[in-house]
Structure formats: structure tokens, C-alpha cells
Amino acid sequence: MKLLLAALMLLAGTLPAAAQWLDRPWPGIPRTADGKPDLTAPAPRGPDGRPDFSGVWNAPAPVARPDAAALQPWVTDLARRRQQEYYKMRPFFRCLPSGPETERSGGWKRFLQTPAAVAILNDDLTHRVIHMDGRELEAHPWPSWMGYSVGRWDGDTLVVDSAGFNEKTWVSRYGVSHTEALRVTERYRRPDFGHLQVEVTFTDPGAFSKPWGFAMTMVLAADTDMLEAVCERGSEDWPGRLSDAADRAVSVPPDVLARYVGVYSGIHRGDERTYEVSLSGGQLIATIVGAYDAVGLGAAGLDQGVPRRLVPQSRTLFEGLGLGYRFIVNDDGVATDLMVIHVSGDYRYSRQR
């Protein structure tokens with residue numbers, strides 16, 4: 001558990017502190033009667049009559065994952081090895097560009113649009129250039145972290161085709177890799193002043209048996225500005241692996257484990273979450289019910305409700321793939337609450353049954 005907590009502390013040090021100006025009014029934008037930005041006003045257009053995406057945008061990290069059955073075996077095997085290391089080689093954790101990674105598609109971004117190019121500036125100081133001068137996507141562009149992109153208009157929708165991503169980048173924070181044949185197609189549409197709808201599709205026959213992707217909506221961050229969020233310390237020195245927890249496992253009697261079986265509900269970072277704890281083959285299994293398991297692959301693959309084995313470090317403390325689980329018990333040894341130990345804090349879940 002000491003190695004686990006050390007890794008979690010290093011993770012906290014790896015993540016940048018995102019920030020923005022608290023009050024920076026934008027001149028010349030539509031406003032409601034109370035002076036607030038009118039996000040439902042018509043979308044602005046450039047001199048060429050096309051929608052203008054210029055501005056500062058923000059969105060939560062999208063939740064997207066390919067069907068586990070659609071992954072080539074080598075992709076699944078590599079993802080599981082990365083899981084064993086708590087994803088320490090994730091480019092973002094190493095202070096490297098994230099490239100096409102799904103979860104980094106959200107966050108703070110500034111769009112700068114001209115007739116010849118659209119630039120997307122990220123708060124981590126990386127950037128992309130989408131060429132809009134009519135060129136074709138090169139068949140074999142030089143591999144790079146952020147890829148090579150060309151765009152075209154389909155009515156009011158900007159369609160972007162990208163290629164040339166090096167094999168060091170991931171397409172998911174959960175260790176899902178790709179080949180240098182990866183192609184990414186994005187569709188951007190601005191239905192009104194304050195919203196940007198984005199659809200992303202990944203295609204790579206060398207890694208996936210079928211295309212997959214996600215959709216998200218970005219919101220214009222009017223009357224504010226984007227500050228840099230720089231990663232200053234990487235994950236190279238993270239200690240421990242998942243197998244270390246198993247090596248340190250202690251023996252807990254089955255009748256004690258049985259007292260922890262149940263359903264626990266609480267609030268995780270503002271959202272309701274429910275854990276179902278079961279007992280199978282003499283081992284406790286924890287599953288997030290009705291939501292995506294944010295830890296990763298697990299034994300059941302990339303799917304909702306991925307079960308994770310809880311490895312006992314004491315009679316009440318368990319390790320479950322990078323998170324700590326502590327059962328709070330009454331005088332009879334029956335669990336009344338479950339405390340999940342997370343890098344962002346401890347979250348308490350009350351037993352429902």
C-alpha cells in the first residue's frame with residue numbers, strides 16, 4: 001500500500017493545475033439583457049461566409065472506448081501490460097504531447113481560424129494546424145506527436161482528416177495503442193454562438209477490426225481566457241506494479257470477506273456513484289454499477305461495469321488497480337461504509353444493502 005500511495009502522490013504531482021482568467025470581458029459579442037454572453041445567439045461567420053470557430057472553448061474529458069472484441073490481440077495484451085504499471089507510460093503522465101488520445105480531446109482550447117488554416121492551441125502548450133488550402137491528406141506523412149491534418153467544408157460542418165501519428169501516442173488513457181496507419185476523422189459544427197459539436201472517428205485496421213469514436217460538445221468560455229497548464233514532473237520514477245500488491249496480499253477469512261459484500265452509494269467528484277461488492281472464488285470483486293469503470297480494462301475488457309479484484313492488504317484495507325478500498329465496520333465486523341482512496345481525495349460510500 002505504501003508503494004500504491006507513493007504512486008498516487010506522484011500522479012498528483014504530474015497533473016497540471018488548470019486555470020483561467022476569472023474576469024476578462026470580450027468586446028463585441030452578443031449578450032442577454034442582464035449583460036451575460038448569449039450562448040444561444042447565432043454562430044458568427046467569417047468573411048467567406050463559413051462558420052467561425054475562433055474563441056476559447058472548454059469541455060470535460062469525453063468517455064469513449066472501443067468494443068473490447070474489436071481490438072486486435074496485440075492491442076489488448078499491450079493495454080493489460082500498461083495497466084499492470086498503473087499506466088505510468090501514458091504520454092500525458094510523462095509530460096509528452098497526448099496526440100489523438102480521447103480523454104485529452106476535452107479541456108481548454110483556443111481556436112484561431114483563417115481561410116487557409118485553423119490552429120488549435122491547447123493549454124499544455126501543444127498545438128495543431130489544420131490546413132484549409134485545398135491540399136490532399138498525404139498518404140504517408142512523417143510520423144509526429146500531433147499528426148498531420150487537412151480540412152474541408154461540408155456545408156457548415158468542418159471535416160478534418162488526420163494521419164501521421166507516431167506509435168508513441170495512445171488513443172485512450174487506458175493503454176489502447178494504434179499503428180502508424182491510424183486515421184482520425186473529426187467533424188466540427190457550431191450550431192449557435194456558445195456551443196461546438198465535435199464527432200471523432202478512429203480507423204486503424206492494424207489495431208481495430210472496425211472504426212470507433214465519440215462525440216462531445218464544447219462550450220465557449222466567453223469573458224475569460226486560457227492560461228497554460230504545464231506538466232513539470234513526469235511519471236518515470238513511479239514505484240510499484242499491480243503484481244506488487246498481490247505479492248503483499250494477506251489472508252483474510254472467507255467469513256470476514258462475506259461481511260463486506262453489498263451495494264455502496266455515494267458522491268464522487270459531484271456525481272452519484274454506486275459500487276457493488278461481491279465475493280467470487282474467495283476474492284472480493286468491486287464493480288461500479290451503471291457507469292463506466294474509470295480505471296481501465298479489467299478482466300472483462302473495455303466495457304461498462306468492469307469488475308476489479310480487491311487484493312487484501314489487511315483485514316479491512318484492499319488494493320484494486322491503483323485505488324485503495326477501506327471497509328468501515330461496526331462492532332460486529334459488518335461493513336457499514338466503503339472508503340475509496342483516490343488521488344483526488346477519499347470518497348465515502350454508504351452501504352445500501
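## A walk through the predicted fold

Let's start in the interior: the largest nonpolar core has 34 residues, and Phe111, Tyr188, Leu196, Phe202 and Phe208 touch the most other members. A nonpolar core here is a set of buried Ala, Val, Leu, Ile, Met, Phe, Trp, Tyr and Cys residues joined through side-chain atoms within 4.5 Å. Buried means under 20% relative accessible area, exposed means over 50%, and partly exposed lies in between (1.4 Å probe, protein chains only). At least two residues of this core come from each of S3, strand S6 (157–163), strand S7 (183–192), strand S8 (195–203) and S9. S9 gives the most, with five residues.

A word on what you are looking at: this is a predicted model, in which local features need pLDDT of at least 70 and side-chain atom pairs count only at pLDDT 80 or more, while totals for chains, interfaces and linings use all residues. Residues are numbered from 1 along each chain as its sequence is written, and side-chain values use heavy atoms, with hydrogens and water left out.

Leucine 196 gives a good view of the core. Leaving aside neighbours within four places in sequence, leucine 196 is in contact (heavy atoms within 4.5 Å) with Phe53, Trp57, Phe111, Tyr188, Arg189, Arg190, Met216, Thr217 and Met218. There is also a second, separate core of 20 residues, which includes Val277, Phe327, Ala335 and Tyr349. In soluble globular proteins, nonpolar side chains tend to be buried together.

Now step back to the whole chain. Its secondary structure comes to four helices and 17 strands; these are DSSP runs numbered from the N terminus, with helices (H or I) of at least four residues and strands (E) of at least two. Of the 353 residues, 46% count as buried. Among contacts with a separation of 6 or more, 59% are between residues 24 or more positions apart.

Helix H2 (73–84) is a good next stop. H2 has twelve residues and reaches 17 Å from its first C-alpha to its last, close to the 16 Å expected at 1.5 Å a residue; that expected span is 1.5 Å times one less than the number of residues. Which residues of H2 are buried? They are Val75, Thr76, Leu78, Ala79, Arg82 and Gln83. Seen down the axis of H2, these buried residues fall within an arc of 165 degrees, so they line one face of the helix. The arc is that of the directions from the helix axis to the C-beta atoms. The exposed residues Pro73 and Arg81 sit on the face of H2 turned away from its buried side. Just after H2, tyrosine 86 takes a positive phi of about 60 degrees.

Further along comes the disulfide. A search of the whole structure finds one (a pair of cysteine sulfur atoms within 2.5 Å), and it joins cysteine 95 to cysteine 231, S to S 1.9 Å. Cysteine 95 lies in the loop between H2 and strand S2 (109–113), and cysteine 231 in the loop between strand S9 (212–220) and helix H3 (242–247), so the pair ties together parts that are 136 residues apart in sequence. The torsion about the S-S bond is about -55 degrees, so the disulfide is left-handed. Cysteine 95 counts as partly exposed because its relative accessibility is 30%, whereas cysteine 231 is buried, with a relative accessible area of 18%.

Next, look at leucine 121, in strand S3 (residues 117–122). Is leucine 121 buried or partly exposed? With a relative accessible area of 28%, leucine 121 is partly exposed. Leucine 121 and arginine 110 are eleven residues apart in sequence and 5.0 Å apart in space, C-alpha to C-alpha. Not counting residues up to four places away in sequence, leucine 121 touches Trp108, Lys109, Arg110, Leu112, Thr126, His127 and Met226.

Finally, turn to the later strands, where two strands pair if DSSP finds at least two bridges between them. Strand S13 (residues 308–312) is mostly covered, with four of its five residues buried. S13 pairs in the antiparallel sense with strand S12 (residues 283–288) over three bridges, and isoleucine 285 stands opposite arginine 309. Two bridges also join S13 to strand S14 (residues 317–319), again antiparallel, and a hairpin of four residues links S13 to S14. Strand S17 (residues 345–351) is joined to strand S10 (residues 262–268) by three bridges in the antiparallel sense, and pairs antiparallel with strand S16 (residues 335–342) over six. Tyrosine 349 in S17 stands opposite glycine 266 and is the bridge partner of leucine 338.
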